[in-house]
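Let us take a walk through this model together, following the charged side chains that pair up. Have the sequence and the 3D view ready as you read.

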Amino acid sequence: LEVGGLQAVCEAELQWRSPPPTEEAVLAKVGEEMKLLEKLPEVERKRAMKRLLLEWHPDKNAERLSLATSVFQFLQAQKAALIRR
């Protein structure tokens with residue numbers, strides 16, 4: 001922490017100072033990421049989808065359980081279509 005400039009100590013402090021993202025914003029961001037996955041080969045799509053599912057699993061996000069549940073359900077609903085492409 002810089003005394004004169006009051007700079008943030010770490011990324012966590014930057015997140016703490018800014019308001020949390022809305023559910024709609026997070027779903028939009030995840031949707032954009034999934035569109036990028038469509039261009040990847042099947043093996044890489046599966047790997048990336050697994051990473052997203054693990055990242056947003058409600059058990060891994062106790063501090064934002066409601067948001068994680070919504071995103072996880074969205075991912076599960078889109079998973080089959082994405083993997084088949």
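Glu63 and Arg64 are a good place to begin: their side chains come together in a salt bridge, with an N to O distance of 4.0 Å. Keep in mind as you look that this is a predicted model. Glu63 is exposed, with a relative accessible area of 65%, while Arg64 is partly exposed at 33%.

How many salt bridges does a search of the whole structure find? The search turns up four. Another of them links the side chains of Glu33 and Arg51, at 2.8 Å from N to O. Glu33 belongs to helix H2 (residues 23-37) and Arg51 to helix H3 (residues 42-55), so this pair ties together parts that are 18 residues apart in sequence. Glu33 is partly exposed, with a relative accessible area of 26%, and Arg51 is partly exposed too, at 40%.

Now stay with Arg51 and look along its helix. Arg51 also forms a salt bridge with Glu55, where the closest N and O atoms are 3.3 Å apart. These two residues sit four residues apart in helix H3, which means that about one helical turn separates them. Glu55, with 37% relative accessibility, counts as partly exposed.

Which residues are joined into one network by salt bridges that share partners? They are Glu33, Arg51 and Glu55. To trace this network in the 3D view, start at Glu33 in helix H2, cross to Arg51 through their salt bridge, and go on from Arg51 to Glu55 through the other one.

Notes: Residues numbered from 1 in each chain as written. Predicted model: local features only at pLDDT ≥ 70, side-chain atom pairs only at ≥ 80, totals over all residues. Heavy atoms only, no water. Buried < 20%, exposed > 50% of the residue type's maximum accessible area, 1.4 Å probe, protein only.
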